[in-house]
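Biologist: I am new to this structure and would like a close look at a single part of it. Please start there and then work outwards to what surrounds it.

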Amino acid sequence: MKLPKYIREIDQGVTLDIRVQPRASRDEIDVKHEGDHLKVRVTAPPVDSAANKAPLKFIAKSMDVPPRTVTLVRGDKNRSKALLIADTNAESLLSRIHK
C-alpha cells in the first residue's frame with residue numbers, strides 16, 4: 001500500500017506530519033486536504049502551549065489510542081508539527097483517519 005506523504009512507519013510506531021489550525025470552530029481532521037501534512041483543526045488558542053496539547057489529545061481520541069502513546073516530536077513553536085504515535089502501524093492509522 002502506498003502511504004500518503006504525511007505518514008511514515010518507523011521502529012517505534014508511526015510519525016504523522018500535521019498542520020494545526022488553532023481557534024477553529026470545532027476539533028476535526030480535514031481528510032479532504034491532500035499534501036505533505038494532515039490538516040488538524042482545534043478549538044484551543046495558540047497560547048501557553050494549548051495549541052500543542054490539544055492536537056495530541058484530539059489525535060489520540062480520534063485514532064482510538066491511549067494519550068500516552070502520542071508525543072510531539074517536532075514543531076512546538078510552529079503550526080507544522082510531527083507526532084509520534086507509538087505501538088501502532090500506518091495501515092490501522094489510515095483506516096481510522098478515513099473512517
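What covers the buried residues of helix H2?

Modeller: A caution to begin with: this is a predicted model. Helix H2 spans residues 90–97, and its buried residues are Ala 90, Ser 92, Leu 93, Leu 94 and Ile 97. The cover over these residues includes four strands numbered E1 (7–10), E2, E3 and E4, together with helix H1 (50–63) and strand E6 (80–86).

The N-terminal end of H2 is capped by Asn 89. In that cap, a side-chain oxygen of Asn 89 lies 3.3 Å from the backbone nitrogen of Glu 91.

Ahead of the helix comes the loop between E6 and H2, where Asp 87 lies. Asp 87 counts as exposed because its relative accessibility of 69% is over the 50% cut-off. The phi of Asp 87 is positive, about 55°, although the residue is not a glycine. As background, most residues other than glycine have a negative phi.

Asp 87 also leads to one of the covering strands, since it is among the residues in contact with Gly 13. Gly 13 is placed in strand E2. With a relative accessible area of 5%, Gly 13 is buried, because that value is under the 20% cut-off. Setting aside neighbours within four places in sequence, the contacts of Gly 13 are Arg 8, Leu 84, Ile 85, Ala 86, Asp 87 and Thr 88. Arg 79 is not in that list; the C-alpha atoms of Gly 13 and Arg 79 are separated by 22 Å, and the two residues are 66 apart along the chain.

The covering strands also pair with one another. E2 covers residues 13–21 and E4 covers residues 38–41; these two strands pair in the parallel sense, over four bridges. E3, residues 28–30, pairs with E4 in the antiparallel sense, over three bridges. E4 thus takes part in a parallel pairing and in an antiparallel one. Arg 41 of E4 shows this at the level of one residue: it is the bridge partner of Gln 21 and also of Glu 28.

From E4 the path goes on to H1, another part of the cover. The loop between E4 and H1 holds Asp 48. Asp 48 has a phi near 50°, a positive value in a residue other than glycine. Its relative accessibility is 74%, over the 50% cut-off, so Asp 48 counts as exposed.

H1 itself borders the largest pocket, which has a volume of about 160 Å³. The pocket is lined by 13 residues, and those closest to its centre are Pro 46, Ala 51, Asn 52, Asp 76 and Lys 81. H1 gives the largest share of this lining, three residues. By type, the lining divides into six nonpolar, three polar and four charged residues.

Asn 52, one of the residues closest to the pocket centre, lies in H1. At 12% relative accessibility, Asn 52 counts as buried because the value is under 20%. Beyond residues up to four places away in sequence, Asn 52 touches Leu 72, Gly 75, Asp 76 and Lys 81. Of these contacts, Asp 76 and Lys 81 are also named among the residues closest to the pocket centre.

To return to the part you asked about: H2 has its buried residues covered by elements including E2, E4 and H1, and Asn 89 caps its N-terminal end.

Technical notes: Residues are numbered from 1 along each chain as its sequence is written. This is a predicted model: local features need pLDDT of at least 70, side-chain atom pairs count only at pLDDT 80 or more; totals for chains, interfaces and linings use all residues. Side-chain values use heavy atoms; hydrogens and water are left out. Two strands pair if DSSP finds at least two bridges between them. Buried means under 20% relative accessible area, exposed over 50%, partly exposed in between (1.4 Å probe, protein chains only). Contact means heavy atoms within 4.5 Å. A polar contact is a pair of N or O atoms within 3.5 Å; within protein, one must be able to donate a hydrogen and the other to accept it, and residues adjacent in sequence count only if both atoms are side-chain atoms. On a 1 Å grid over the protein atoms alone, a cavity is a set of points where a 1.4 Å probe fits but cannot get out, and a pocket is an open set with protein on both sides within 12 Å along at least five of seven lines; lining residues have an atom within 4 Å of a point. Grid points are joined across faces, edges and corners, and a volume is the space filled by probe spheres set on the points. Ala, Val, Leu, Ile, Met, Phe, Trp, Tyr, Cys and Pro count as nonpolar, Asp, Glu, Lys and Arg as charged, and the others, Gly among them, as polar.
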